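Welcome! Take a moment to look over the sequence and the 3D structure before reading on.

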Amino acid sequence: MSLDTAGNWIDLLTPPEDYAFAPGVRYIKSWNFETFDAELYLQNNGPGTIQRVMMTFPKKLSGKRPAVAVPFYFPEAMIGFEPDTLEVLPRYEKIAMAKDLAERGFITISADAYHLTFCPEDPAGRDEFSRWQTAGTALKKKYPQWCGCGKLLADTRLLLDMLENDDRVDNGAIGIAGHSLGGKMAFYTGCLDERVKVILASDFGIGWDQTNWRDIWYWGDQVDELISRGMEHSQLLDLAGGKPFMLLAGLYDNAESLEIMQRAASYASVPEHLQIINHATGHRPPEDVLLAGYAFLEKYLVKEKVRTTMNRSLQRSLGAV
């Protein structure tokens, strides 16, 4: 990939100069559930805007733990229930990545997406596409040279800032995982932020025509410009530099997705880092596929890291002999 192409991606996704604000995080409260614990925060996420952030933790937390950012529509969806009432959220309980990963020993972090934070006065429900339309339109009006994907990337990077500054997190073992919209956020952030060591994305539609990239809250009309420039997501993946990436394909992603992935040149020397499971059963991954995705995260955030640490320790010991 040429430097010009890489620069195009970065220029289009980087916040504009007038998008400036003071960072800030405020603790709100905690919950202690049977199989994991959670904390709620408010975090500045733009000029005059705030996102709710939920962190989850394994029980009996001790020492520094690997962590996974889990971006999505709103954090309660990623634990599958309302924390204050314990009311189950049937639409999300089977993709509750934050809950699942906390139960497996990871610290996780998730937040409200910008359809809930950029236009907080909008009375539409938090799952309504009308709210996405309102927020995407408002973002484009205020920052015409930017895009919704850039905003999603900027907000998700703020979650990595929180993980990086948390003494409970092993900063060398941070991953990212997401489904659908969350898969898009995980893909973009994982490809462009070196703090992320492994990426798990579920059925987000990696090809321009595989899903709704043309919606105003993602790229809008800019998709046609990107295509005319010869830009595709294999180039964005190339910027990941060969870091482990697994795609869970089901409906929007398919065999064509693998062809796009394989055009990322940085994986030529590490083809084992590029993985796809095409369950082809619909948009939501079945349980066994999700478990395979979690195992992929564990392999590169826990097992490979332990192996590398042991090898380094052995080399130091041999050097001292």
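The report below walks through a predicted model, topic by topic.

## How confident is the model?

Let us begin with the confidence scores. The average pLDDT of the chain is 93, and 91% of the residues score at least 70. One stretch looks quite unlike that average: over residues 310-318 the pLDDT stays under 50. For this stretch the model has zero contacts beyond four places in sequence.

## Aromatic rings

Next come the aromatic side chains. The structure holds 29 aromatic pairs. One of them joins Tyr 19 and Phe 21: the ring centres are 5.7 Å apart and the planes meet at 80°, so this pair is edge-to-face. With a relative accessibility of 10%, Tyr 19 counts as buried, whereas Phe 21 is partly exposed at 27%.

Phe 74 and Tyr 92 make another edge-to-face pair, with 5.5 Å from centre to centre and 90° between the planes. Both residues lie in the loop between strand 4 (65-69) and helix 2 (97-103), so their pairing ties together parts that are 18 residues apart in sequence. Phe 74 is buried, with a relative accessible area of 1%, and Tyr 92 is buried too, at 3%.

A ring can also have a charged residue as its partner here. Lys 184 lies over the face of Trp 213, at 4.6 Å from the ring centre.

## The nonpolar core

Which residues touch the most other members of the largest nonpolar core? They are Leu 13, Tyr 188, Trp 219, Leu 237 and Phe 245, out of 102 residues in that core. Helix 4 (residues 148-164) supplies the largest share of this core, with eight residues.

Leu 237 is a good place to zoom in. Leaving aside neighbours within four places in sequence, Leu 237 is in contact with Phe 187, Cys 191, Phe 245, Met 261, Ala 264, Ser 266, Tyr 267 and Leu 274. Phe 245 therefore appears twice in this section: as a contact of Leu 237 and in the list of residues touching the most other core members.

## Cysteines without disulfides

A disulfide is a covalent bond between the sulfur atoms of two cysteines. How many disulfides does the structure hold? The count is zero. For Cys 119, the nearest cysteine sulfur is that of Cys 147, 16 Å away. Cys 119 is buried, at 4% relative accessibility.

Cys 147 has its closest cysteine sulfur in Cys 149, at 5.4 Å, which is too far for a bond. Cys 147 is also buried, with a relative accessible area of 3%.

## Two residues in helices

Is Gly 183 buried or exposed? Gly 183 is buried, at 0% relative accessibility, and its place is in helix 5 (residues 181-192). Not counting residues up to four places away in sequence, Gly 183 touches Gly 178, Ala 201, Ser 202 and Phe 204. The C-alpha atoms of Gly 183 and Trp 208 are separated by 14 Å, with these positions 25 residues apart along the chain.

Asn 8 lies in helix 1 (residues 3-13) and is partly exposed, with a relative accessible area of 24%. Leaving aside neighbours within four places in sequence, Asn 8 is in contact with Arg 229 and Met 231. Asn 8 and Leu 226 are 218 residues apart along the chain, and their C-alpha atoms are separated by 9.2 Å.

Technical notes: Residues numbered from 1 in each chain as written. Heavy atoms only, no water. Phe/Tyr/Trp six-rings, centres within 6.5 Å; stacked < 30°, edge-to-face > 60°. Buried < 20%, exposed > 50% of the residue type's maximum accessible area, 1.4 Å probe, protein only. Helix = DSSP H or I, 4+ residues; strand = E, 2+ residues; numbered from the N terminus. Lys NZ or Arg CZ within 6 Å of the ring centre and 35° of its normal. Core = buried A, V, L, I, M, F, W, Y, C linked by side-chain atoms within 4.5 Å. Contact = heavy atoms within 4.5 Å. Disulfide = S-S within 2.5 Å. pLDDT = per-residue confidence, 0-100.
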